[in-house]
Amino acid sequence: MREGGQTGGRLLVVDDNKVNRLLLTRSLEQQGHSVASAENGRAALELLRRESFDLLLLDIEMPEMDGFQVLDQLKGDLQLRDVPVIVTSSLEGVDNVVRCIELGAEDYLPKPVNPVLLRARIGASLEKKRLRDQQRLLLQRFAAPEVVQELQSEGFTLGGKRVTASVLFADIRSFTPLAESQAPEETIELLNTYYTLMFSAISGQGGLVSLMIGDGLMAIFGAPLPLPDHRESAVRAALEMIELIELFNVERSTGGKAPIRIGIGIASGEMIAGYTGTNERATYTCVGDVVNLAARIETHTKEAQRAILIDSVTREGLADRVPVEGLGSITFKGKAMPVDVFAVNVDAKR
């Protein structure tokens, strides 16, 4: 524990001078930090990729791999680029300082380092790291891993790009009368359990739930990260969703509760996927005719009395071991041409 009640950080000291390493390590440990050391940039990167550190204290002039090369490696590594770096070097010249900052260093302190200034800089850098970690945890809680990965690699911008993917819509049949017949607390508990099961099935097949409204959800297979077999993955997820609901109904019947049923519609093709909203509040979603078609196919499950319906493009991407039944061509509202619709055999997974 550091002075003032602050918890020490996990620090890595990188310096080819053994005396410097030992003295700086001892000083930092006396301040309550946990410290490891490396004698050159290559050894430092190996440690960083093997262990977790809160801060890197980096010399510039070192054999094998110098500090500039380390900074460059860190900047290009998604897992390491957020580790704060304080450069401590006897290398003079404003150009060197600028180069370090441009490569991502938090600060540049000339040797011999003023211990009071170093202590202050370490404290400030650790606080920034703590806040960044909190932001990352919040992002992981409210955004899917695929979205987090894209944000880390490409950053955030409103707008979208054309992708070829599959879209899945699902909702609980007769949900409104069910919700009206029970206490709100029971409805919330039901929805939380329902979404837990659905998320498991969808994410297990590489899908991303991009929208939840009441008892309905929309999932994307093939964006933001490409998914070569997105059509079969979407259908496999749908089959698992049905299976999980049936298992859940066994539990509900034990408690004297009525079973629930869901309808699922899937369509595949080209669409626009990206962030919509404002710079202050945005969501990752997809739009286009394929998305509208998937929603209409899901609605048609009630009339067709089938649990899973898909379009012909999705059908073309299925293996022969996923049996389907053609229901003929259907003209949906807003569509100029009829669409071939297929029902998936819900026993195909068993």
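The following legends describe close-up views of a predicted model of a protein chain.

**View 1. Overall composition of the predicted chain****.** The secondary structure of the protein chain amounts to eleven helices and 13 strands. Of its 350 residues, 45% count as buried. Among the contacts between residues at least 6 apart in sequence, 65% join residues at least 24 apart.

**View 2. The open five-stranded sheet, with strands in the order β2-β1-β3-β4-β5****.** The pairing within this sheet is parallel. Strands β2 (34-38) and β5 (107-110) form the edges, each pairing on one side only. On average, and with direction ignored, neighbouring strands of the sheet are turned by 20 degrees against each other.

**View 3. Pairing of strand β3 with strand β4****.** Strand β3 spans residues 55-58 and strand β4 spans residues 85-89. The two strands pair in the parallel sense over three bridges. Within this pairing, Leu58 stands opposite Val87 in β4.

**View 4. Helices α1 and α2 against the sheet****.** Helix α1, formed by residues 18-30, packs on the sheet and touches β1 (10-14), β2 and β3. The direction of α1 makes about 165 degrees with that of β2. Helix α2, formed by residues 41-50, also packs on the sheet, where it touches β1, β2 and β3. For α2, the direction makes about 160 degrees with that of β1.

**View 5. The contact of helix α3 with helix α4****.** The axes of α3 (residues 67-75) and α4 (residues 94-102) come within 9 Å and cross at roughly 20 degrees. As angles under 35 degrees count as roughly parallel, α3 and α4 are therefore roughly parallel to each other. The crossing in which α3 passes α4 is left-handed. On the α3 side, the contact involves Phe68, Leu71 and Lys75; these meet Asn96, Arg99, Cys100 and Glu102 in α4. By class, this contact has three nonpolar, one polar and three charged residues.

**View 6. Surroundings of Arg236 in helix α9****.** Helix α9 comprises residues 230-254 and includes Arg236. The relative accessible area of Arg236 is 16%; because buried means under 20%, Arg236 counts as buried. Leaving aside neighbours within four places in sequence, Arg236 is in contact with Gln205, Arg321 and Val322.

**View 7. Surroundings of Ala294 in helix α10****.** Ala294 lies in α10, which covers residues 289-304. This residue is buried, with a relative accessible area of 0%. When residues up to four places away in sequence are not counted, Ala294 touches Val167, Phe169, Gly265, Ile266 and Ala267. The C-alpha atoms of Ala294 and Ile264 are separated by 8.8 Å, although these residues are 30 apart along the chain.

**View 8. Strand β9 and its pairing with strand β11****.** Strand β9 covers residues 262-277, and twelve of its 16 residues are buried, so β9 is largely enclosed by the rest of the structure. Three bridges join β9 to β11 (residues 308-311), and the two strands run parallel. Ile264 stands opposite Ile308 in β11. Ile264 also appears in View 7, where the separation between its C-alpha atom and that of Ala294 is given as 8.8 Å.

Terms used: Residues numbered from 1 in each chain as written. Predicted model: local features only at pLDDT ≥ 70, side-chain atom pairs only at ≥ 80, totals over all residues. Heavy atoms only, no water. Axes fitted to C-alpha atoms, helices over the stretch in contact; angles between N-to-C directions. Helix = DSSP H or I, 4+ residues; strand = E, 2+ residues; numbered from the N terminus. Parallel < 35°, antiparallel > 145°, perpendicular 65-115°, else oblique. Left-handed = near helix turned anticlockwise from the far one by under 90°. Contact = heavy atoms within 4.5 Å. Nonpolar A, V, L, I, M, F, W, Y, C, P; charged D, E, K, R; others polar. Pairing = 2+ DSSP bridges. Buried < 20%, exposed > 50% of the residue type's maximum accessible area, 1.4 Å probe, protein only.
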